[in-house]
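Welcome, and please open your viewer with the chain drawn as a cartoon. We will go through a few selections one by one, with a note on what to look for at each stop.

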Amino acid sequence: MKLSTSEYFIKEVYTSFKRNIWMTLASIFTVVLSLFILGFFSIVILNLNKMADTLESQVQISVYLKDDLSQEEIDETKETLSKIEGLQDIKFTTREEAMENFKERLGDQQFLLDALDDTNPLPDSFSLTVTSPQQVKTIADTVVALNSVESASYSQDIINHLFNLTHLIRLIGVALIILLTGAAIFIISNTIRLTVFARRKEIAIMKYVGATDWFIRWPFLLEGICLGFIGGGLATIFLYIVYNQVTQEIYEAMAFFPLIPQHPFIDYISLAILVAGIIIGALGSTISLKRFLKV
């Protein structure tokens, strides 16, 4: 592309922006709004997905030991458990610790334990955290077969609901991202179509005098890229501000809430939105101009 031709294209983009200032501002606003909504829902969906992963990683099996086991037998049991594949963490709780925890949960109703006469019916136990909920039943069956284990319990209904919830979150997330991307392309292409329509006579004249399709297309393509870049840049600024504010509010209220850390997550999202803005702008211009180049 010659330098003079490049200067012509840039001048045409500038002239178009200046000539249609309100339409240009409306287009940029539409791009900002579309990409902000797309970015916002992407952030929400990715955080929900992280939350689902966190919930899955915290599925536990309670393993209750037989009474009157020696410390050596308890240590051997722990050693055996540590060799089972699929376990993320093993925590041992003595019967005394279990009783203290139970009293804390009872709170003001600790008088209900008076009938026990200082006897402790709770057994020593292990809490097993599995790496994947799909392994819970297999691991529980393996643990119950140990001679030192009285029983093992886990909430099968809760796990089934967890499977369904995480699966639904991921399906909805993918569907929303696809839907919002399509909506953004549709809105932006129709917005740019207004600019193309306003210059349809100019395009027709250029065709009649022998201008090539690419010579006609380049100014509109650059215009779409500029609109997408400006809109994407503004959208990323708003996303950064909103996510920063939201994360601060959530961490102040719930310090251990499993949010994705702001950096470098928001940087990647911002880069993706900026690139998406450029691609969508170029694609919108191409779609909008295709019809008029057939004249």
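Which residues have the most contacts inside the largest nonpolar core? Select Ile61, Val63, Phe126, Leu128, Val130, Ile139 and Val143, and you have them; the whole core has 16 residues. Keep in mind as you look around that this is a predicted model.

Now colour the elements that give two or more residues to this core: strand E1 (60-65), helix H3 (71-82), strand E3 (125-130) and helix H5 (136-144). Among these, H5 gives the most, with four residues.

**Stop 1: helix H5**

Stay with H5 and show the side chains of Val136, Ile139, Ala140 and Val143, which are its buried residues. Why do they sit on the same side of H5? Look along the axis: they cover an arc of only 100 degrees around it, so they share one side of the helix.

**Stop 2: strand E1 and its partners**

Next, select E1 and compare its two faces. Ile61, Val63 and Leu65 make up the covered face, while Gln60, Ser62 and Tyr64 are on the uncovered one.

Add E3 to the selection. E1 and E3 are paired in the antiparallel sense, with five bridges between them. To find your place in this pairing, pick Gln60, which has Thr129 of E3 opposite.

Then bring in strand E4 (residues 149-153), which runs antiparallel to E1 and is joined to E1 by four bridges. A handy marker for this pairing is Leu65, with Val149 of E4 opposite.

**Stop 3: the second core**

Hide those strands and select Val31, Leu38, Phe265 and Ile280. These residues are among the 15 of a second core, separate from the one you started with. As a general background, nonpolar side chains tend to be buried together in soluble globular proteins.

**Stop 4: a nonpolar patch on the surface**

Switch on the surface and select Phe29, Leu33, Ile37, Phe40, Phe41, Val44 and Leu48. Together they make a nonpolar surface patch of about 570 Å². Zoom in on Leu33, in helix H2 (residues 21-57). Is Leu33 buried or partly exposed? Its relative accessibility is 44%, so Leu33 counts as partly exposed.

**Stop 5: Ala183**

Finally, go to helix H6 (residues 156-198) and select Ala183. Ala183 is partly exposed, because its relative accessible area is 32%. Draw a distance from its C-alpha atom to that of Leu35: the separation is 10.0 Å, although the two residues are 148 residues apart along the chain.

Notes
Residues numbered from 1 in each chain as written. Predicted model: local features only at pLDDT ≥ 70, side-chain atom pairs only at ≥ 80, totals over all residues. Heavy atoms only, no water. Buried < 20%, exposed > 50% of the residue type's maximum accessible area, 1.4 Å probe, protein only. Core = buried A, V, L, I, M, F, W, Y, C linked by side-chain atoms within 4.5 Å. Patch = residues over 30% accessible without salt bridge, like charges linked within 9 Å, V, L, I, M, F, W, Y side chains within 5 Å. Areas by Shrake-Rupley, 256 points an atom, 1.4 Å probe, with all protein chains shown as cover. Salt bridge = Lys/Arg side-chain N within 4 Å of Asp/Glu carboxyl O. Arc of directions from axis to C-beta. Pairing = 2+ DSSP bridges.
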